[in-house]
Number of protein chains: 2
Amino acid sequence: MDQGNTGDGDLFGEEARSVELLWGERAGPSRGPKPGLTLAAITAAAIEIADTEGPAALSMQRVAKTFGFTTMALYRYVPGKRELVALMVDTAIGPPPDLAAVPGGWRPRLAEWAMRFWAALVRHPWATRSTAGHRALGPNELGWMDAGLRALEGTGLTGAERLDTLALVTSYVRGMAQQTVTVAGGPAGTDEHAMAKMIAGLVHRYGDRHPAVTAALAEAAAVPEAQETGLRYGLDRILDGLARLIDSRRHPERS
Amino acid sequence: MDQGNTGDGDLFGEEARSVELLWGERAGPSRGPKPGLTLAAITAAAIEIADTEGPAALSMQRVAKTFGFTTMALYRYVPGKRELVALMVDTAIGPPPDLAAVPGGWRPRLAEWAMRFWAALVRHPWATRSTAGHRALGPNELGWMDAGLRALEGTGLTGAERLDTLALVTSYVRGMAQQTVTVAGGPAGTDEHAMAKMIAGLVHRYGDRHPAVTAALAEAAAVPEAQETGLRYGLDRILDGLARLIDSRRHPERS
DNA sequence: TAGAACTGTGTATAACATAAACCAATTGCT
DNA sequence: AGCAATTGGTTTATGTTATACACAGTTCTA
């Protein structure tokens, strides 16, 4: 464990390098031969690979080969694979949306935020996979956080509530994106179908043990729903629940 | 791609073996030497390793070593690591809860389900990590699904709505568990703190670019909240939103 | 112009999953 | 009882992975 100095707003060791890269804080070197690569180019190539061939196909060798360089050449730009993935995630998510133009207050604003976040996630399925757990936060991701919290300004919610609200929406959208998303390495879109087929197969065999699943599936099978319908359904429930809280803050007498 | 026969309720290839293992469908062999290991023992050992040393430390060699066996010995019991992980996940989640005794209708029942699911997930942080994406469903996991759907019986929701509702709650709880969870390999409990510290550090440096994050954090910093408060907050919003929908189904005249 | 800093390469290592061949133990069948 | 089929565990081997280290060539600066 390399802790190093843990100053006030300081980051320690491994993470510090990640943050430096993510936030573009490396001093531009002047001496030495011209670099044949760019951080942006490397990141873009890595994203391209992960998008088309799946996250399992992403290796340092694979990325280096697309440039005709040796594997080790990449280590002149990136400290390690972890950091590269962090870069990939933040780049893939992209800059946060500007929701100032969305009319109608917090509700359509937060909804728009959620739908755009979802779109960004399903565009790069591996991002949700790699996002799990503790890792350095990139500027884009922090920007998304800020945009989401901005949608909640003026709602009367406390700071903690606003943060928890964003965690609620984020967790939900991320989770849905994970489930919607493709198989590792396979073409997009297949997964939902395969998953449904597998569940159907299991229910067909062991359905008697799981009556509630069987019943719900049977009833739902009659009316197939569109791709985003499920996401919208949950989002509306969340927004309704939020509306209730926000209204109760504005009209405390109604309880 | 080994598709094989894709019958009606049939599963194909690689997945079929996973399902067989998960659902305990292997014919007990009679001839040959006595097995020195058990699927259950192997799974338990693997879980122990993942729990204490993190998912990164889980390797076939590491598992085999705990029994004093060769790595390859494991392959007599498990087709591969993927299948072992699937077993681990289903075992770690454990049998579904019986919520019949919970009084008060769907709302406390679903809440209880969510809290227990959350508890099961945070007990084994790696489970949420491995659960991502397409994989074989185990009996315990399907049991949890059934228990959750059962809580929604009699609510007047359609089959599709009940499924979407469960997806909503599951996605949220899973997402929260992921964020709450420990660093890979590190001791549990550190993560939340480290994450908060990192965000604080970033805001300290780049806060001016992210006023909403800064404001929310500053406001929230005054009143530190308990571990499960965040989870409960979002859950209550979801339940409120659901209640609105369910009520509107019962009293259609009120809009 | 000499040296320092930097880039890309070649080589090496350790960990990993897993395949194939092999021996020994056990049991069912004859 | 004995043989053959079956299975468990080991040995050995292969291909892939990330990444450390030393070196050669390049370019800027003092």
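**Notebook: Glu141, DNA strand D and the A–B contact**

**Entry 1. A glutamate in chain A.** I began with A:Glu141, which lies in helix H7 of chain A, residues 139-150. I kept in mind that this is a predicted model. Is A:Glu141 buried or exposed? I found a relative accessible area of 12% for A:Glu141. Buried means under 20%, so A:Glu141 counts as buried. Next I listed what A:Glu141 touches, leaving out residues up to four places away in sequence. The list holds A:Asp90, A:Ile93, A:Thr131, A:Arg135 and A:Arg174.

**Entry 2. Around DNA strand D.** I then turned to the DNA. How many residues surround DNA strand D? I noted 27 residues. The closest are A:Gln61, B:Pro33, B:Thr70, B:Arg76 and B:Tyr77. I also checked which part of the strand comes within 4 Å of the protein. Sugar and phosphate make up 62% of those DNA atoms. By type, the residues of this surface split into 11 nonpolar, 9 polar and 7 charged.

**Entry 3. Polar atoms facing strand D.** I looked up three distances from chain A. For A:Gln61, a polar side-chain atom sits 2.5 Å from a phosphate oxygen of DNA strand D. For A:Met60, a polar backbone atom is 3.2 Å from a phosphate oxygen of the strand. For A:Gly32, a backbone N or O atom lies 3.4 Å from a sugar or linking oxygen of DNA strand D.

**Entry 4. Where chains A and B meet.** I moved on to the contact between the two protein chains. The size of an interface is often given as the accessible area lost when the parts come together. Here I read a buried area of about 6,700 Å² between chain B and chain A. Carbon and sulfur atoms give 65% of that area. Chain B puts 73 residues into the contact, and chain A puts in 73 residues.

**Entry 5. Pairs across the contact.** How many salt bridges are there between chain B and chain A? I counted 4. One salt bridge joins the side chains of B:Arg244 and A:Asp240, at 3.4 Å from N to O. I also noted 12 residue pairs in polar contact between the chains, both residues at pLDDT 80 or more.

**Entry 6. The chain B side.** Several helices of chain B each supply at least two residues to the side that touches chain A, among them H1 (14-22), H7 (139-150) and H11 (229-250). Which helix gives the most? I found H8(B), with 16 residues. I closed with the residue types on this side of chain B: 34 nonpolar, 18 polar and 21 charged.

How values were computed
Residues numbered from 1 in each chain as written. Chains lettered and ligands numbered in written order. Predicted model: local features only at pLDDT ≥ 70, side-chain atom pairs only at ≥ 80, totals over all residues. Heavy atoms only, no water. Near = heavy atom within 4 Å. Polar contact = N/O pair within 3.5 Å; in protein donor to acceptor, adjacent residues only side chain to side chain. Nonpolar A, V, L, I, M, F, W, Y, C, P; charged D, E, K, R; others polar. Contact = heavy atoms within 4.5 Å. Buried area = accessible area lost by both parts, 1.4 Å probe. Helix = DSSP H or I, 4+ residues; strand = E, 2+ residues; numbered from the N terminus. Buried < 20%, exposed > 50% of the residue type's maximum accessible area, 1.4 Å probe, protein only.
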